[in-house]
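Student: I'd like to learn how to read a model like this one, feature by feature. Can we go through it together?
Tutor: Sure, let's pull it up and start with the empty space.

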Amino acid sequence: MIVDVDAHVVEPENLWTSRLPAKYREVGPHVRYLPSGTPKLDGGGYVEEPGTEGPPVAWWFYEDHRYSVKRLIAAAGYPADEITFQGVTFDEMRRGCWDPAARIADNELNGVEAQMCYPNYPRFAGQIFLWGKDRELAKLAVQAYNDWMVEEWCGGSAGRLIPLCLVPLWDAELAAAEVRRNAARGVRAVAFSELPTYLGLPSIHSGYWDPFFLACAETGTVLCMHIGSGTRTPQASPDAPDAVAATIIFGNSVASMTDFLFSGVLDRFPDLKLMYAECQIGWIPYLLDRLDDVWETHRGWSHSQLNCPQRPSTYYYRQIHACFFKDAVGIDLLDRVGLDNIMFETDYPHQDGTWPGSVKAAQEQFGHLEEKQIRKITRGNAIRLFNLSLAP
């Protein structure tokens, strides 16, 4: 069975209202039912306001931010031509989107033994709270999410659901403290932005994030970066269809991995582990070749070896992992991608995901490999990376 390290949860509507102090429940994240508006995709997020006519759908309200829960992010069980930006209610989505017992049942249908889930509403690295005006409310909202993730989403699952927590992105020391708080209760995964400068935050070259990276390294907490967690997505022509951005979004993962490999972070923190989610893997061999060539050929002027004393590919094979669910090209290049560096995912309940046919998708892409290789990709690497109590 698969150990899936990239799926998503649709946050239940009482997540924050049941956990925030009473004074914050109307300004913190809460759900209202109002007509759909006309959402516009803007750099990995949406700009929208409720409409005035039509059936009510679920809207998240947080300070002055508005976000409708869309069919696009609760797509499991629906045909492709019915999946749009249209808002939905919780009753109109598959219960496994937000209910842990139903998720475990849906996972069993899909050949998944255990699963780690990224957030939806707070964005993939918790950026929503970075943009909050009230920092105390934002900190409490991050902690409330993490408490819910550990206690309610994963707590009764007997290890079938794997916790992934958020941090206060606006303060590296607070982020480090939150990593340690969650690690003390067994959490071994934290979401982070693949390109923090895109969020107006200090770069990983600056040293600002070192307390956070140190906390992750010392606690064995994997730094998990999902495509879209930089919010600003790669663009081509301004009038191009959304299909262009959807195709080239892995470009942010290319940029992030390059940033880390030349930054010196992985040299200073040899126990720090990174995981890139939903970026696929076929591009990695060329990037490693290019990185190593620049490191050697352009060392005189590019500062390629200033903070990177070993070839960049050395750090990749030692400390970086990536996930895929549709990438036969990456499997063709398996020896260069690294058998120990990749993991299979399902992306439930998003439209791109393979539920309920994830086993078939895996068989079609790498069922021809040796059994030992298959087990590493489908479960063994994930169990080792996140120190899970599962049989490899």
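Student: What volume does the second largest pocket have?
Tutor: The general idea first: rolling a probe the size of a water molecule over the atoms shows where empty space is left. Keep in mind that this is a predicted model. Here, the second largest pocket comes out with a volume of about 340 Å³.

Student: Which residues of its lining lie nearest the centre of that second largest pocket?
Tutor: Those are Gly 159, Leu 161, Ile 162, Pro 163 and Leu 388, out of 18 residues that line the second largest pocket.

Student: And how do the residues of that lining divide into nonpolar, polar and charged?
Tutor: For the second largest pocket, the lining has 10 nonpolar residues, 6 polar ones and 2 charged ones.

Student: Let's zoom out. How many helices and strands does the protein chain have?
Tutor: The count is 14 helices and 13 strands. For the overall extent, look at the C-alpha trace, which spans about 60 × 50 × 45 Å along its principal axes.

Student: What does the radius of gyration tell me about the protein chain?
Tutor: You hold it against what a compact globule would give. With 392 residues, such a globule would have a radius of gyration near 21 Å, and the protein chain has 20 Å, so the two agree. As for burial, 58% of the 392 residues are buried.

Student: Now the sheets. What is the order of the strands in the open sheet of 5 strands?
Tutor: To read a sheet, you follow which strand pairs with which. This one runs E9-E10-E11-E12-E13, with parallel pairing. Strand E9 (189-191) and strand E13 (342-344) are at the edges, each pairing on one side only. From one strand to the next, the twist averages 25 degrees.

Student: Over how many bridges do strand E11 and strand E12 pair?
Tutor: Strand E11 (residues 274-277) and strand E12 (residues 320-324) pair over 3 bridges, in the parallel sense. To see the register, find Leu 274, which stands opposite Ile 320 in E12. On to the next neighbour: E12 is joined to E13 by 3 bridges, again with parallel strands. There, Ala 322 stands opposite Ile 342 in E13.

Student: Which residues of E12 point one way, and which the other way?
Tutor: Ile 320, Ala 322 and Phe 324 point one way, while His 321 and Cys 323 point the other way. Both sets are buried, and the tally for E12 is 5 of its 5 residues.

Student: There's also an open sheet of 3 strands. What is its order and its pairing?
Tutor: The order is E2-E5-E6, and the pairing is antiparallel. Its edge strands are strand E2 (30-35) and strand E6 (65-68), each of which pairs on one side only. The twist averages 35 degrees from one strand to the next. Within this sheet, strand E5 (residues 56-62) and E6 pair over 4 bridges in the antiparallel sense. One such pair to click on is Trp 59 with its bridge partner in E6, Ser 68.

Student: What about a loop residue: is Ile 83 buried or exposed?
Tutor: The cut-off you need is that buried means under 20% relative accessible area. Ile 83 has a relative accessible area of 12%, so it counts as buried.

Student: Where is the place of Ile 83 along the chain?
Tutor: Ile 83 sits in the loop between E6 and helix H1 (100-109). If you want a distance to check, the C-alpha atoms of Ile 83 and Lys 70 are separated by 8.8 Å, with the two residues 13 residues apart along the chain.

Key: Residues numbered from 1 in each chain as written. Predicted model: local features only at pLDDT ≥ 70, side-chain atom pairs only at ≥ 80, totals over all residues. Heavy atoms only, no water. 1 Å grid on protein atoms, 1.4 Å probe; cavity = no way out; pocket = protein on both sides within 12 Å on 5 of 7 lines; lining within 4 Å. Points joined across faces, edges and corners; volume = space filled by probe spheres on them. Nonpolar A, V, L, I, M, F, W, Y, C, P; charged D, E, K, R; others polar. Pairing = 2+ DSSP bridges. Helix = DSSP H or I, 4+ residues; strand = E, 2+ residues; numbered from the N terminus. Axes fitted to C-alpha atoms, helices over the stretch in contact; angles between N-to-C directions. Buried < 20%, exposed > 50% of the residue type's maximum accessible area, 1.4 Å probe, protein only. Rg over C-alpha atoms; globule rule 2.2 N^0.38 Å.
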